[in-house]
Amino acid sequence: MRHAYRTALVTGASSGIGESFARLLAGRGTDLVIVARRAELLDGLARELVERYRVAVEVVAADLTDPAQRAEVEARLRAEPVELLVNNAGYGAFGAFAELPLNDHLAQIDLNVAALVRLTHAALPGMIERGRGGVLNVSSMSGFTPSPGSATYGATKAYVASFSESLHSEVAGKGVHVTALCPGFTRTEDDVPPNLLWLRRDDVARAGLEAVSAGRALCVPGVQYKAALPALRLVPRPLLRAAVNRMWQQAADTR
Ligand SMILES: NC(=O)c1ccc[n+]([C@@H]2O[C@H](COP(=O)([O-])OP(=O)(O)OC[C@H]3O[C@@H](n4cnc5c(N)ncnc54)[C@H](OP(=O)(O)O)[C@@H]3O)[C@@H](O)[C@H]2O)c1
């Protein structure tokens, strides 16, 4: 790793890819602030990381869609800056747009976009001032394609990729890196081996950390997804729409 971060705040650290971020960072000696709703999972993880790696771990139990709780995390970032912010917490509601409750769509926008923008805004000015820092925003391969069956989720992830790439350019040369991590399908349990479609969460998190420390704008983990990205960009959009729609219809029919 080119930059060793002394401190990091990771959202969504209670499970999945976020837990992998926390473990990998602690293993590299980074002191952590870990954020999610499930306090008992965060507490258990914190205890384990403190014992195993002798790092400091602060648990912040917060629902990042709750304005008051989210504001506390923002205030924490402004008052006690971290060198790396990992905006990982995210969620997708699956189903036809018109059939899902409006609140499901709005909650995804609130968490995947509004919370990410707010926390980035709380952390970035201080990083620029200090001339050091990183923001790693977790997007998705679905940010690059139309996403029938998860239209709002895909749109939030397209936002995250575009937003991060723009910020990456804005802060270039200031010692601060902003990176979008765009994983494909990622197993959030460890007992299943990776295959052509499925990535391992540790591999995804490791790729993201390496990308932000190396100052890359975009990170697509896994050779299979790396190879797919240029193809996705070249395929005529009507063909791409037809293909993803067929996949969504087939998945819906088998439910
Ligand atoms: N797995 C994949 O295939 C895949 C592919 C591409 C991108 N991603 C992205 O990767 C990121 C991590 O997802 P994952 O697959 O690891 O899923 P996950 O295991 O469900 O983890 C999501 C994390 O976000 C937290 N979270 C959810 N709602 C929250 C809220 N309102 N406030 C605070 N924290 C909240 C959850 O913790 P609590 O429930 O304790 O709050 C959990 O720690 C997401 O941004 C996701 O969109 C995943």
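1. The buried residues of α6 pack against α1, β5 (133–138), β6 (176–181), β7 (186–187), β8 (199–200) and β9 (218–219). The model is a predicted one, and the points below should be read with that in mind. The residues of α6 that are buried are R201, V204, A205, G208, L209, A211 and V212. Viewed down the axis of α6, these buried residues stay within an arc of 165°, so they line one face of the helix.

2. The length of α6 is as expected. The helix covers residues 201–214, and its 14 residues, at 1.5 Å a residue, should span 20 Å; the end C-alpha atoms are 20 Å apart, which agrees. Just after α6 comes G215, with a positive phi of about 80°.

3. R201 deserves a separate comment. This arginine belongs to helix α6. R201 counts as buried because 22 other C-beta atoms lie within 10 Å, the threshold being 20 or more. Leaving aside residues up to four places away in sequence, R201 touches G16, I17, S20, T186, R187 and T188. R201 and G18 are 183 residues apart along the chain, yet their C-alpha atoms are separated by 8.6 Å.

4. The second helix to consider is α2 (39–53). Its buried residues are L42, L45, A46 and L49. Seen along the helix axis, the buried residues of α2 fall within an arc of 105°, so they line one face of the helix. They pack against α1 (16–27), β2 (31–36) and β3. E40, R47, E51 and R52, on the other side of α2, are exposed.

5. The length of α2 also checks out. At 1.5 Å a residue, its 15 residues should span 21 Å, and the distance between the end C-alpha atoms is 21 Å, which agrees.

6. What follows α2? The helix is followed by R54, whose phi is positive, near 55°. R54 is not a glycine. Most residues other than glycine have a negative phi, so a reader may wish to look at this position in the structure. R54 sits in the loop between α2 and β3 (57–61). R54 is exposed, since 9 other C-beta atoms lie within 10 Å and the limit for exposed is 12 or fewer.

7. On the ligand: 26 residues surround it, and of these G12, G16, R37, R38 and G90 come nearest. By class, the residues of the shell are 10 nonpolar, 13 polar and 3 charged. The element that gives the most to this shell is α1, with 3 residues. G16, one of the nearest residues to the ligand, is also among the residues that R201 touches. The helix α1 is likewise one of the elements against which the buried residues of α6 pack, and the buried residues of α2 pack against α1 as well.

8. Which elements make up the chain as a whole? There are 8 helices and 9 strands. Of the 255 residues, 40% are buried. Among contacts between residues at least 6 apart in sequence, 66% join residues at least 24 apart.

9. Overall dimensions come last. For 255 residues, a compact globule would have a radius of gyration near 18 Å, and the chain has 18 Å, which agrees. Taken along the principal axes, the C-alpha atoms fill a box of roughly 50 × 40 × 35 Å.

Terms used:
Residues numbered from 1 in each chain as written. Predicted model: local features only at pLDDT ≥ 70, side-chain atom pairs only at ≥ 80, totals over all residues. Helix = DSSP H or I, 4+ residues; strand = E, 2+ residues; numbered from the N terminus. Expected span 1.5 Å × (residues − 1). Arc of directions from axis to C-beta. Contact = placed C-beta atoms within 7 Å. Near = placed C-beta within 6 Å. Nonpolar A, V, L, I, M, F, W, Y, C, P; charged D, E, K, R; others polar. Rg over C-alpha atoms; globule rule 2.2 N^0.38 Å.
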